[in-house]
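Take a moment to turn the structure around on your screen before reading on. We will walk through it together, one region at a time.

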Amino acid sequence: MLVERSEIGVPLAHEREVLRQAGIALNGRPVTLWEISATTAAVPVLSGVPNPQASDVELDLESTLRRWGAPIVQKTRWVGCRLRDAGIWIVAPVRSRPAAPPPTGVERRSRERLVLELAGLSLGAIAAAEEGARRRCRAH
């Protein structure tokens, strides 16, 4: 089940557009935004396509984050899609700063992963701008 909500007040239309454009760059794949719940489940928040299929929004944490040893932290957000129908998931965190460059200088991430990294950065920038606007409003 897709839950369309934004706990940080980001306009959903902006988030959805980032997801839609990432999906286009990924050959029409449905791209989804998840938030990690208190029970460390990936709760789908929004998809770049209207009425996505359940298989496009039900992230398998075991085969993605836990397999890589990535920390599963409550309230963090992730963006991702399947590489093929019923295939493996590829995900990237939503964050406000890019990851450090590869230590060797040679990029090892796939093009698909880089598209999702950029989508995660875009979503993080939108959230940061919204949070900054809310802080300015509270200060007045």
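**From the core to the charges**

What you see is a predicted model, so keep in mind that the values below are computed from it. Let us begin on the inside. In soluble globular proteins, nonpolar side chains tend to be buried together. Here the largest nonpolar core has 15 residues. Within this core, the members that touch the most others are Leu 19, Val 31, Leu 33, Val 79, Cys 81, Leu 116 and Leu 123. Several parts of the chain contribute: helix H1, strands E2 (42-47), E3 (77-82) and E4 (89-93), and helix H3 each provide at least two of the core's residues. A separate core is made of eleven residues, including Ile 36, Leu 65, Trp 78 and Trp 89.

Now pick out Leu 123 in the first of these regions. Which residues does Leu 123 contact, once its neighbours within four places in sequence are set aside? They are Glu 15, Val 18, Leu 19, Leu 33, Val 79 and Val 94.

Next, look at a residue on the outside. Ile 24 belongs to helix H1, which covers residues 12-25. Is Ile 24 buried or exposed? Its relative accessibility is 53%, and because exposed means over 50%, Ile 24 counts as exposed. You can also try finding Ile 88, which is 64 residues away from Ile 24 along the chain. The C-alpha atoms of these two residues lie 19 Å apart.

Finally, let us turn to the charged side chains. The whole structure contains seven salt bridges. Some of them join up into a network that links Arg 95, Glu 107, Arg 109, Arg 113 and Glu 117.

Follow the network starting from Arg 109. This residue makes a salt bridge with Glu 107, with 2.6 Å between the closest N and O atoms. Arg 109 is partly exposed, at 29% relative accessibility, and Glu 107 is partly exposed too, at 36%. Arg 109 also meets Glu 117 in a salt bridge, with an N to O distance of 4.0 Å.

From Glu 117 you can step to Arg 113, as their side chains form a salt bridge at 2.6 Å, N to O. Both residues sit in helix H3 (residues 111-139), and they are four residues apart, about one turn of the helix. How accessible is Glu 117? Its relative accessible area is 5%, so Glu 117 is buried. Arg 113 is buried as well.

Methods:
Residues are numbered from 1 along each chain as its sequence is written. This is a predicted model: local features need pLDDT of at least 70, side-chain atom pairs count only at pLDDT 80 or more; totals for chains, interfaces and linings use all residues. Side-chain values use heavy atoms; hydrogens and water are left out. Buried means under 20% relative accessible area, exposed over 50%, partly exposed in between (1.4 Å probe, protein chains only). A nonpolar core is a set of buried Ala, Val, Leu, Ile, Met, Phe, Trp, Tyr and Cys residues joined through side-chain atoms within 4.5 Å. Contact means heavy atoms within 4.5 Å.
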